[in-house]
Every structure is written in structure tokens, then in C-alpha cells.
Amino acid sequence: MPHDLSGHNAAADHLLSHPHRDEHAEDLQILATEFIDSFCRAADKSAYLELAGIPREIPDSAGGAPLKLVDVRLSTDWQVGTASPSFGSSELSYLPFPGPMIEERTNMHFVYVSLHRREAVDLRDHLRRRLAPAQPGS
């Protein structure tokens with residue numbers, strides 16, 4: 001079953017239904033879809049994560065002990081409409097989608113924990129970092 005990862009409401013502070021697109025969004029969506037489909041079919045999910053380069057631990061951005069990978073979470077959403085600012089109004093302009101336009105989107109997060117923190121890393125963020133061109137001097 002195909003998964004659409006269009007990035008709808010990807011940022012926590014983003015309340016509108018328009019996805020933020022980066023210049024490689026289509027390639028990223030294809031890679032993420034294939035990654036999720038392959039992970040779901042993998043007989044040995046731990047080995048699949050290892051081969052894919054998913055780290056078993058990540059540094060704590062707050063300076064604490066490293067966080068350990070404990071869960072891989074899949075979530076499925078269906079966008080049933082769109083909302084955007086209305087011109088000259090403080091209200092949103094809302095447009096519900098007709099049935100044929102409603103599509104399934106599946107997202108994947110890697111959940112890391114320590115004694116003091118929990119962090120979910122979006123697969124698309126992991127892929128962006130892996131695909132980013134190397135910076136000079138790195």
C-alpha cells in the first residue's frame with residue numbers, strides 16, 4: 001500500500017494545511033515512502049534499521065546523557081480539507097475536499113529516550129540530513 005508523505009502540518013507551530021516544501025520534497029517523499037514500505041515488510045526490523053543507518057542512540061541536545069532508540073512509530077492521517085488565511089479577515093478560509101481528493105499519508109518517527117527526555121525524530125528529518133550536501137571543511 002503506497003504512503004504519501006506530503007508533510008502536511010509537519011511543524012508543530014504550523015496551523016495551516018499547506019505543507020512547507022523544500023527543493024527536494026518530491027525525492028524525499030519517494031525515499032520516505034520506500035523506506036516505510038520496506039521497513040514494514042522486513043523480517044528483521046532491527047537489521048533493517050542497522051543497514052539503513054538509523055542510529056541506536058543520539059546525543060541529547062540539552063547536554064544530558066545520550067538518548068536511546070526504543071520505538072519506531074507509524075502514524076496515518078487523511079487530509080479532509082484545507083485552511084488558509086482569508087484576505088482582509090482574521091478568519092481562515094476553509095475548503096473541504098471531495099471524497100476522491102482525500103488520500104492517506106503515513107509518517108514514521110524514531111522515538112529516543114533517556115531518564116530525563118523523550119524525543120521523536122521524523123524519518124524525513126533523518127533523510128534530509130543524510131541527503132544534505134557536505135559542507136566545506138566538514
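## Exercises on a predicted model

W78, V80 and Y94 make a nonpolar surface patch of about 350 Å². Keep in mind that this is a predicted model. Let's work through it.

### Exercise 1: a patch residue

Find where V80 sits, and decide whether V80 is buried, partly exposed or exposed.

Solution.
- Step 1: look for V80 along the chain. You'll find V80 in the loop between strand 2 (67–78) and strand 3.
- Step 2: check the relative accessibility, which is 47% for V80.
- Step 3: partly exposed covers values between 20% and 50%, so V80 counts as partly exposed.

### Exercise 2: the overall layout

How many helices and strands does the chain have, and in what pattern do they follow along the sequence?

Solution.
- Step 1: count the elements. There are 3 helices and 6 strands.
- Step 2: walk along the sequence, and you get α-α-β-β-β-β-β-β-α.
- Step 3: look at burial. The chain has 138 residues, and 31% of them are buried.
- Step 4: take the contacts between residues at least 6 apart in sequence; 60% of these join residues at least 24 apart.
- Step 5: add the surface. The accessible surface of the chain is about 9300 Å², with 58% of that belonging to carbon and sulfur atoms.

### Exercise 3: two rings

Work out what kind of aromatic pair F35 and F110 form, and which parts of the chain the pair ties together.

Solution.
- Step 1: recall that an aromatic pair is described by the distance of the centres and the angle of the planes.
- Step 2: a search of the whole structure turns up 3 aromatic pairs. One of them is F35 with F110, at 6.3 Å centre to centre and 90° between the planes.
- Step 3: planes over 60 degrees apart count as edge-to-face, and that's what this pair of F35 and F110 is.
- Step 4: place the partners. F35 belongs to helix 1 (residues 25–41) and F110 to strand 5 (residues 104–113), so the pair ties together parts that are 75 residues apart in sequence.
- Step 5: check burial. F35 has 9% relative accessibility and counts as buried; F110, at 1%, counts as buried too.
- Step 6: widen the view. F35, F39, Y48 and F110 form one aromatic cluster, and the charged end of K45 sits over the ring of F39, 5.4 Å from its centre.

### Exercise 4: a salt-bridge network

Start from R117 and find which residues are joined with R117 into one network.

Solution.
- Step 1: the structure holds 6 salt bridges. R117 forms one with D60, where the closest N and O atoms are 2.6 Å apart.
- Step 2: locate the ends. D60 is in the loop between strand 1 and strand 2, while R117 is in the loop between strand 5 and strand 6 (118–122), so this bridge ties together parts 57 residues apart in sequence.
- Step 3: look for another partner. E119 and R117 also meet in a salt bridge (2.7 Å, N to O).
- Step 4: compare exposure. D60 is buried at 12% relative accessibility, R117 is partly exposed at 25%, and E119 is partly exposed with a relative accessible area of 25%.
- Step 5: put it together. Salt bridges with shared partners join D60, R117 and E119 into one network.

### Exercise 5: a loop residue

Is E91 buried or exposed, and which residues does E91 contact beyond its neighbours within four places in sequence?

Solution.
- Step 1: E91 is in the loop between strand 3 (81–85) and strand 4 (92–96).
- Step 2: the relative accessibility of E91 is 54%, so E91 counts as exposed.
- Step 3: with those neighbours left aside, E91 is in contact with P85 and S86.

Methods:
Residues numbered from 1 in each chain as written. Predicted model: local features only at pLDDT ≥ 70, side-chain atom pairs only at ≥ 80, totals over all residues. Heavy atoms only, no water. Phe/Tyr/Trp six-rings, centres within 6.5 Å; stacked < 30°, edge-to-face > 60°. Helix = DSSP H or I, 4+ residues; strand = E, 2+ residues; numbered from the N terminus. Buried < 20%, exposed > 50% of the residue type's maximum accessible area, 1.4 Å probe, protein only. Lys NZ or Arg CZ within 6 Å of the ring centre and 35° of its normal. Contact = heavy atoms within 4.5 Å. Patch = residues over 30% accessible without salt bridge, like charges linked within 9 Å, V, L, I, M, F, W, Y side chains within 5 Å. Areas by Shrake-Rupley, 256 points an atom, 1.4 Å probe, with all protein chains shown as cover. Salt bridge = Lys/Arg side-chain N within 4 Å of Asp/Glu carboxyl O.
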